[in-house]
Amino acid sequence: RRRPRPTPRPSRRQRQMCIRDRLGAVLLVLRRQLAVPVFLVSFLARVVTTIHNFFLSNGLEVMGSPGALVFSALIFVFALFLYLYSRAMKARGILR
């Protein structure tokens, strides 16, 4: 009987992005302006990671299906939305 292939562990960069995303969300809930640069840094790190995963290495081959590319694109779009939303809330004066 074949053993299932282990799932890859998240890289250090991915764990750091997750922490920044959570920190940005907490700052957004607390209505702090610091959420805007935190989401910007998180989004830019996600851009760099996506470029590395799909263009500089064989990330799509490792992930196994084109569905992984769609899932990564959705995460990318959501990260962009969080940055734009926090920036709009800062412009409206909701974040202090």
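Arginine 31 is partly exposed, with a relative accessible area of 40% (buried is under 20%, exposed is over 50%, and partly exposed lies in between, using a 1.4 Å probe and protein chains only). We'll come back to that residue in Exercise 2. First, some ground rules: this is a predicted model, so local features need pLDDT of at least 70 and side-chain atom pairs count only at pLDDT 80 or more, while totals for chains, interfaces and linings use all residues. Numbering starts from 1 along each chain as its sequence is written, and side-chain values use heavy atoms, leaving out hydrogens and water.

**Exercise 1. Get your bearings**

Task: Find how many helices and strands the protein has, and which elements have the lowest and highest mean pLDDT.

Solution:
- Step 1: Count the elements. You get four helices and zero strands, running α-α-α-α from the N terminus. Helices here are DSSP runs of H or I with at least four residues, strands are E runs of at least two, and numbering goes from the N terminus.
- Step 2: Check confidence. pLDDT is the predictor's confidence in each residue, from 0 to 100. The protein averages 83, and 88% of the residues score at least 70.
- Step 3: Split it by element. Helix 3 (residues 59-63) has the lowest mean pLDDT at 73, and helix 4 (residues 66-92) the highest at 90. As a reading rule, predicted coordinates should not be read in detail where pLDDT is low.
- Step 4: Look at the bulk numbers. Of the 96 residues, 24% are buried. The accessible surface comes to about 7,400 Å², with 65% of that belonging to carbon and sulfur atoms (areas come from the Shrake-Rupley method with a 1.4 Å probe; for residues, only the protein chains shown count as cover).
- Step 5: Ask how far apart the contacting residues sit in sequence. Among contacts with a separation of 6 or more, 62% are between residues 24 or more positions apart; contact means heavy atoms within 4.5 Å.

**Exercise 2. The loop residue**

Task: Locate arginine 31 and say what its phi is.

Solution:
- Step 1: Arginine 31 lies in the loop between helix 1 (12-29) and helix 2.
- Step 2: Its phi is positive, about 60 degrees, although arginine 31 is not a glycine. For background, most residues other than glycine have a negative phi.

**Exercise 3. The salt bridge**

Task: Search the whole structure for salt bridges, and work out which parts of the chain are tied together.

Solution:
- Step 1: Apply the criterion: a side-chain nitrogen of Lys or Arg within 4 Å of a carboxyl oxygen of Asp or Glu. The search turns up one salt bridge.
- Step 2: Arginine 46 pairs with aspartate 21, and their closest N and O atoms are 2.4 Å apart. Since arginine 46 sits in helix 2 and aspartate 21 in helix 1, the pair ties together parts 25 residues apart in sequence.
- Step 3: Compare the surroundings of the partners. Arginine 46 is buried at 13% relative accessible area, whereas aspartate 21 is partly exposed at 23%.
- Step 4: See what else arginine 46 touches. Leaving aside neighbours within four places in sequence, arginine 46 contacts Met17, Asp21, Ile75, Phe76 and Ala79. Alanine 79 is 33 residues away in sequence, with a C-alpha to C-alpha distance of 8.0 Å.

**Exercise 4. Along helix 2**

Task: Decide whether threonine 49, phenylalanine 54 and leucine 56 are buried or exposed.

Solution:
- Step 1: Threonine 49, in helix 2, is buried at 6%. Its side chain reaches the backbone oxygen of alanine 45 at 2.9 Å.
- Step 2: Phenylalanine 54, also found in helix 2, counts as buried at 17%. Beyond neighbours within four places in sequence, phenylalanine 54 contacts Gly59, Leu60, Met63, Leu69 and Ser72.
- Step 3: Leucine 56 lies in helix 2 (residues 35-56) and is exposed at 65%.
- Step 4: Ile51, Phe55 and Leu56 form a nonpolar surface patch with about 370 Å² of accessible area together. Patches take residues with over 30% relative accessible area and no salt bridge, joining like charges within 9 Å and nonpolar side chains (Val, Leu, Ile, Met, Phe, Trp, Tyr) within 5 Å.

**Exercise 5. Two neighbours in helix 4**

Task: Say how accessible serine 86 and tyrosine 85 are.

Solution:
- Step 1: Serine 86, in helix 4, is buried at 0%. Outside four places in sequence, serine 86 contacts Leu28, Ala35, Val36, Phe39 and Leu95.
- Step 2: Tyrosine 85, found in helix 4, is partly exposed at 36%. Tyrosine 85 and valine 36 are 49 residues apart in sequence, and their C-alpha atoms are 8.7 Å apart.

Key:
A polar contact is a pair of N or O atoms within 3.5 Å; within protein, one must be able to donate a hydrogen and the other to accept it, and residues adjacent in sequence count only if both atoms are side-chain atoms.
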